[in-house]
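Below are some notes on the model, set out point by point. They cover the sheets, a few helices and two threonines.

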Amino acid sequence: MKKRRIAILGSTGSIGTQTLDVVRLHPELFEVEMIAAGNNTALLASQAAEFDVNNVVICNEERYPQLAEALKDSDSKAWAGVDSLCSLVWSDAVDIVVGAMVGFSGLRPTLAALEAGKTVALANKETLVAAGELVTRTMREHNAVILPVDSEHSAIFQCLLGAQGNPVERIHLTASGGPFRTWEKSRIAAASASDALKHPNWSMGAKVTIDSATMMNKGFELIEAKWLFDVPPGDINVVVHPESVIHSMVEFRDGAIIAQMGCPDMRGPISFALAFPARIPSGIRKLDFATLSSLSFETPDTERFPNLRLACEAIERGGNAPCALNAANEVTVDAYLKGRIGFYDISRINELCLSGLNFARNPSLEDIFETDAEVAKIADGYIN
């Protein structure tokens, strides 16, 4: 396998740091050409030094002086702002772009990478949720490639590799159920952010962990799956699987189901995307079937977790509705993490924003950005 040069957008977050774990294991296969982060200049500079990175971008332009100072005695070049990020992904020195920025902020850099015809290992689900049609069209027009990094979508992709071109009957998208899977609704209503951040299986960033607790994460993944695999939302079934061993399944018309299994560790899907089509050691623990007492499955409860229902409604409605739901959710999750609202205020405000949406059936990129800004402002108004 030829050595691949990587740009990591969001290198200081959960997916970014685990991507660098995989690179550490395989210095003969990967070289880090560029890294970018929103605010964490200290870790960003440390990563630049360890991996001898050529280009280092801090998206918060106010933090550029600190980054420049930290890199002044190195060969790394410091840059600031998302515009710099979007320009640098065009470089011929970049083979694969890891899209690991959190939230709507990942949309512009992902589109830039696709316009440059790059292979994008996409972990940023909000990009496809907010602008799935625009993103997939851009990919096709520029002969770019999206390789999914979400464990569920990586699993579906791996299952489809064994489909031999046979049509998909249904996708079974598995969900852990989060930390509140067995809690009564009244207890969930009083849950603090620290309670919600105690995910039973996965190590993830704060935003994704809260989304898992509300099951919005699974709703967004359903929307992602629709765009990634060109499957109608009605053919995507969400099933709660508490053990998080089966990462998703694909069912065919003869009744056969192919499942992808493994220990819950994001380094698995990350290494698969970086090295595709090769399989390389990822550093994760191997699955020991002798220790598995059972694999269980449940139907998701949309009364206790209404965000899943809202996501289904948004993708059925189409247009800019998923973008609006994402915008509201980013604001409400941030407020919940800061202790400003309660757990069920997240879904209540999300639903209000979705129902009051200024709907656009065929949104342009400008419409998407306007919807994001407008709905975020409305959600913030409800919170205040």
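1. The expected span of a helix is taken as 1.5 Å times one less than its number of residues. The model discussed here is a predicted one. In it, helix α14 covers residues 321–337, which is 17 residues. From first C-alpha to last, α14 reaches 24 Å, close to the expected 24 Å.

2. Of the 17 residues of α14, 14 are buried, so the helix is largely enclosed by the rest of the structure. Buried here stands for under 20% relative accessible area. Just after α14 comes Gly-339, with a positive phi of about 75°.

3. One open sheet has seven strands in the order β4-β3-β2-β1-β5-β6-β7, and the pairing is parallel. At its edges stand β4 (77–80) and β7 (145–148); each has a single partner strand, so one side of each is left without a neighbour in the sheet. On average, neighbouring strands of this sheet are turned by 25° against each other, direction ignored.

4. Within the seven-stranded sheet, strand β2 (residues 30–37) pairs with strand β3 (residues 55–58) in the parallel sense, over four bridges. For a specific position to look at, Ala-36 stands opposite Val-57 in β3.

5. An open sheet of four strands runs in the order β9-β8-β10-β11, with mixed pairing. Its edge strands are β9 (236–240) and β11 (257–261), each of which pairs on one side only. Here the average turn between neighbouring strands is 20°, direction ignored.

6. Strands β8 (residues 168–175) and β10 (residues 246–252) pair in the antiparallel sense over four bridges. Val-168 stands opposite Phe-252 in β10. Helix α7 (residues 151–161) packs on this sheet and touches β8, β10 and β11. The direction of α7 makes about 40° with that of β10.

7. Two packed helices are described by the angle between their axes and the distance between the axes. For α5 and helix α16 (residues 365–383), the axes come within 12 Å and cross at roughly 165°. That makes α5 roughly antiparallel to α16, since angles over 145 degrees count as roughly antiparallel. The crossing of α5 and α16 is right-handed. Which residues meet where these two helices touch? On the α5 side they are Leu-107, Arg-108 and Leu-111, and on the α16 side Leu-365, Ile-368 and Phe-369.

8. Thr-110 also belongs to helix α5, which spans residues 107–115. Is Thr-110 buried or exposed? Its relative accessible area is 3%, so Thr-110 is buried, the limit being under 20%. Apart from neighbours within four places in sequence, Thr-110 is in contact with Val-120, Leu-122 and Thr-127.

9. Thr-17 lies in helix α1 (residues 14–25). At 28% relative accessibility, Thr-17 counts as partly exposed, because that class lies between the 20% and 50% limits. With neighbours within four places in sequence left aside, the contacts of Thr-17 are Ser-11, Thr-12, Arg-24, Leu-43 and Gln-47. How far apart are Thr-17 and Gln-47 in sequence and in space? They are 30 residues apart in sequence and 9.1 Å apart in space, C-alpha to C-alpha.

Methods
Residues numbered from 1 in each chain as written. Predicted model: local features only at pLDDT ≥ 70, side-chain atom pairs only at ≥ 80, totals over all residues. Heavy atoms only, no water. Buried < 20%, exposed > 50% of the residue type's maximum accessible area, 1.4 Å probe, protein only. Pairing = 2+ DSSP bridges. Axes fitted to C-alpha atoms, helices over the stretch in contact; angles between N-to-C directions. Contact = heavy atoms within 4.5 Å. Parallel < 35°, antiparallel > 145°, perpendicular 65-115°, else oblique. Left-handed = near helix turned anticlockwise from the far one by under 90°.
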